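Subject: Structure handover

Dear colleague,

Please find below the structure I am passing on to you, followed by notes on what was found in it.

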Amino acid sequence: MPVHTLPAAAAIQQLGDYDTIIDARTEDEHALDHVPGAVNWPTLNNAERITIGTMYKQVNAFEAKKRGAALSARNIAAHIEREVIDKPRTWKPLVYCWRGGNRSGALATILGAIGFQVTLIEGGYKAWRAALVEDIPAQARRLHYRVVCGPTGSGKTRLLQALRAQGAQVLDLEALANHRSSVLGHIPGVPQPSQKRFDSLIWDALRGFDAARPVFVESESKKVGNVRVPDALIDTMRESPCIDLVLSDDERVALLLEDYDFFVKDSEHFCQRLEALTELRGKAVVEAWTTRVRSGQTPEVVLELLTQHYDPMYAASIERNFKCYRQAQRCELINRSGDALRDAAAHLIASPV
């Protein structure tokens, strides 16, 4: 059966038409970013791609192509034996590689020869990425948002989780970015996605939302750790109705000690992260904080971090960037408990914007 091709802009709209999306690139290329839902069937794996690339440069293209063909055939055979033998004739895969060339072409040709209806993304991942970037503004602007505002430790992430648990549409940018969006927000042992992967995760989340219902999102800055929120999304968020989440200082400290328990368990790691604030707060202040942390006064230091550092910065930023904040709907939590968050979420879902 002949292999069909599909422009990337059309593939953006038709992902659901295919039974399996196959990324024929290497493991590393796939990990950096891939079409949402794609499985990785490398035509050449990481090491093999390096070997063939070296042969192109140091020997010649003909010898490299012969060796590449042998490796590709062996790998494609393994993929077919592992993944395809039990597939029915009606199985419809969508295949791509970097530019829609040799790697995906070889796999698609063999699957087509078997008799499957195979489609290739024209231009491969490179074209897909361009189409996705172009589509993000439209996806962002077709939705309406309710922006959860509140100072550090007020429970914004927990409220988003409570909202999602009750069926609300939630865009959790910090979860997608694997970062808690502050100088201390890095999660130990959890790497952030690449910018390309972050964009893809956002696009995939946005396209799944119902435009007739609000999307709850936190009042993020333009960057979440090392990744940047797409301009169209952040601009639309900043023009959207706001919710002002309020929690007492004592409860905020307790919440942060729970959510950042790795700092409580590893005071030296906490002290190292605090040193990143030296330029903003001054050496004497940071040294005083680290000394107190080492002496077991972490809760007291956290309270000072909130009241002296985070709160003033947050107040200035939210007033400057979120146009509707002064008309925000107030949402006061009696405490940080699950019951309080569930009640708040239910009230927000039921209340008009």
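Helices (H or I, at least four residues) and strands (E, at least two) are taken here as DSSP runs, numbered from the N terminus. This is a predicted model, in which local features need pLDDT of at least 70 and side-chain atom pairs count only at pLDDT 80 or more, while totals for chains, interfaces and linings use all residues. Residues are numbered from 1 along each chain as its sequence is written, and side-chain values use heavy atoms, with hydrogens and water left out.

As an overview, the chain has 17 helices and 12 strands, and its C-alpha atoms fill a box of roughly 65 × 50 × 35 Å along the principal axes. Of the 353 residues, 46% are buried (under 20% relative accessible area, with exposed meaning over 50% and partly exposed in between, for a 1.4 Å probe and protein chains only).

There are two open sheets to look at, and strands are said to pair if DSSP finds at least two bridges between them. One sheet has 5 strands in the order β1-β5-β4-β2-β3, with parallel pairing, and its edge strands are β1 (4–6) and β3 (39–40), each of which pairs on one side only. Strand β1 is joined to β5 (residues 119–121) by 3 bridges, and T5 stands opposite L120 in β5. The other sheet, also of 5 strands, follows the order β7-β8-β6-β11-β12 with parallel pairing. Its edges are β7 (169–171) and β12 (329–332), which have a single partner strand each, so one side of each is left without a neighbour in the sheet. Between β7 and β8, which run parallel, there are 3 bridges, and the bridge partner of L171 in β8 is V217.

L171 also belongs to the largest nonpolar core, which has 26 residues, and is among those with the most contacts inside it, together with Y145, L173, L206 and L233 (such a core is a set of buried Ala, Val, Leu, Ile, Met, Phe, Trp, Tyr and Cys residues joined through side-chain atoms within 4.5 Å). Helix α10 (231–238) is one of the elements that supply at least two residues of this core, and α10 gives the most, with 4 residues. Apart from this core lies another, of 19 residues, among them I21, Y96, Y125 and W128.

Turning to charges, the structure holds 24 salt bridges (a side-chain nitrogen of Lys or Arg within 4 Å of a carboxyl oxygen of Asp or Glu). E218 forms one with K156, the closest N and O atoms being 4.0 Å apart; E218 lies in strand β8 and K156 in helix α7 (residues 156–165), so the pair ties together parts that are 62 residues apart in sequence. Both E218 and K156 are buried.

E220, in the loop between β8 (215–218) and β9 (223–224), is buried yet has no salt bridge, and the nearest side chain of opposite charge, K156, is 7.6 Å away (Lys and Arg count as positive and Asp and Glu as negative, while His and the chain ends are not counted). Leaving out residues up to four places away in sequence, E220 touches L173, E174, S181, I234, M237, R238 and F322, where contact means heavy atoms within 4.5 Å.

With best regards
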